[in-house]
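Ready for some practice in reading a protein structure? Take a look at the sequence and the model, then work through the exercises below at your own pace.

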Amino acid sequence: MTRQDLIHKWAVYALALLPVWLLDSCILPRFPLFGITPMLLPLALTAVAVLEGSGAGGGFGLAVGLVWTLSYPLGWGGTVLGMTLAGAAIGGVSQYVLSQSLPGCMLCGAGLLAVLDGLRIAGALISDRGDLPALLEVAVPECLLSLAWMPLIYLLFRAVYRKVGGDKLA
């Protein structure tokens, strides 16, 4: 790919991330389901990492980490590093272990959401902000509700992947 093609490709991915971010930050928090709001940015990262591979997944993870850190209260720089590493790891796993398809994306998305909620739970337990059953009462439905959005997000980014020069997927 030429430099112009790469710039075009990642500009289209950034445009595809915009509605996901708007849903995640502006629309869905206003309409929580049973008090739970899904996390969509990690799923967008997962979809791109599964489709594009390790290097591109890490780069997109860096961008998602920056968006997440800058747009949400109490954001911190560790999110940028964490999302970068997660994108690279998911891209590698999907390239060499799993298939680059919706089931592989669902599995990687579930893993990433479990890790993120596990870290949140660990932080809350360490700082004594809740007990484990109460924290799991929020974390498990949040993961399941977030995963319900995965097919839509995967289809969006797969369409972008096909449009901007990715291999033709079935």
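## Exercise 1: Aromatic rings

The structure holds 5 aromatic pairs. Rings of Phe, Tyr and Trp (its six-membered ring) count as a pair if their centres lie within 6.5 Å; planes under 30 degrees apart are stacked, over 60 edge-to-face and the rest tilted.

Before you start, note that this is a predicted model: local features need pLDDT of at least 70, side-chain atom pairs count only at pLDDT 80 or more, and totals for chains, interfaces and linings use all residues. Residues are numbered from 1 along each chain as its sequence is written, and side-chain values use heavy atoms, with hydrogens and water left out.

**Task.** Describe the pair formed by Tyr-13 and Phe-157, and find which parts of the chain this pair links.

**Solution.**
- Step 1. A pair of aromatic rings is described by the distance of the centres and the angle of the planes.
- Step 2. For Tyr-13 and Phe-157 these values are 6.2 Å and 20°, and the pair is stacked.
- Step 3. Tyr-13 belongs to helix 1 (residues 3–27) and Phe-157 to helix 7 (residues 150–163), so this pair links distant parts of the chain, 144 residues apart. Helices (H or I, at least four residues) and strands (E, at least two) are DSSP runs, numbered from the N terminus.
- Step 4. Both Tyr-13 and Phe-157 are buried. Buried means under 20% relative accessible area, exposed over 50%, and partly exposed in between (1.4 Å probe, protein chains only).
- Step 5. Ring pairs also join Trp-10, Tyr-13, Phe-60 and Phe-157 into a cluster.

## Exercise 2: Salt bridges

**Task.** Which residues are joined into one network by salt bridges that share partners?

**Solution.**
- Step 1. A salt bridge is a side-chain nitrogen of Lys or Arg within 4 Å of a carboxyl oxygen of Asp or Glu. A search of the whole structure finds 3 of them.
- Step 2. Lys-9 and Glu-52 meet in one, at 2.9 Å from N to O. This pair links distant parts of the chain, with Lys-9 in helix 1 and Glu-52 in helix 2, 43 residues apart. Lys-9 and Glu-52 are both buried.
- Step 3. Asp-117 forms a salt bridge with Arg-120, and their closest N and O atoms are 3.7 Å apart. These two residues both lie in helix 5, 3 residues apart, about one turn of the helix.
- Step 4. Asp-117 is buried because its relative accessibility is 4%, while Arg-120, at 43%, is partly exposed.
- Step 5. Arg-120 also forms a salt bridge with Glu-142, with the closest N and O atoms 3.2 Å apart. Arg-120 lies in helix 5 and Glu-142 in helix 6, so this pair ties together parts that are 22 residues apart in sequence.
- Step 6. Glu-142 has 9% relative accessibility, so this residue counts as buried. The network is therefore made of Asp-117, Arg-120 and Glu-142, joined by salt bridges that share partners.

## Exercise 3: The largest pocket

**Task.** Which helix gives the most to the lining of the largest pocket?

**Solution.**
- Step 1. Rolling a probe the size of a water molecule over the atoms shows where empty space is left.
- Step 2. On a 1 Å grid over the protein atoms alone, a cavity is a set of points where a 1.4 Å probe fits but cannot get out; a pocket is an open set with protein on both sides within 12 Å along at least five of seven lines, and lining residues have an atom within 4 Å of a point.
- Step 3. The volume of the largest pocket is about 1,100 Å³. Grid points are joined across faces, edges and corners, and a volume is the space filled by probe spheres set on the points.
- Step 4. The lining has 35 residues, of which Met-39, Trp-68, Leu-116, Asp-117 and Arg-120 lie nearest the centre of this pocket.
- Step 5. Helix 1, helix 2 (41–52), helix 3 (54–71), helix 4 (78–96), helix 5 (102–126) and helix 6 each supply at least two lining residues. Helix 5 gives the most, with 8 residues.

## Exercise 4: Two residues in space

**Task.** Is Val-64 buried or exposed, and how far apart are the C-alpha atoms of Val-64 and Ala-14?

**Solution.**
- Step 1. Val-64 sits in helix 3 and is buried, at 0% relative accessibility.
- Step 2. Ala-14 sits in helix 1 and is partly exposed, at 45%.
- Step 3. Val-64 and Ala-14 are 50 residues apart along the chain, and 9.5 Å separates their C-alpha atoms.
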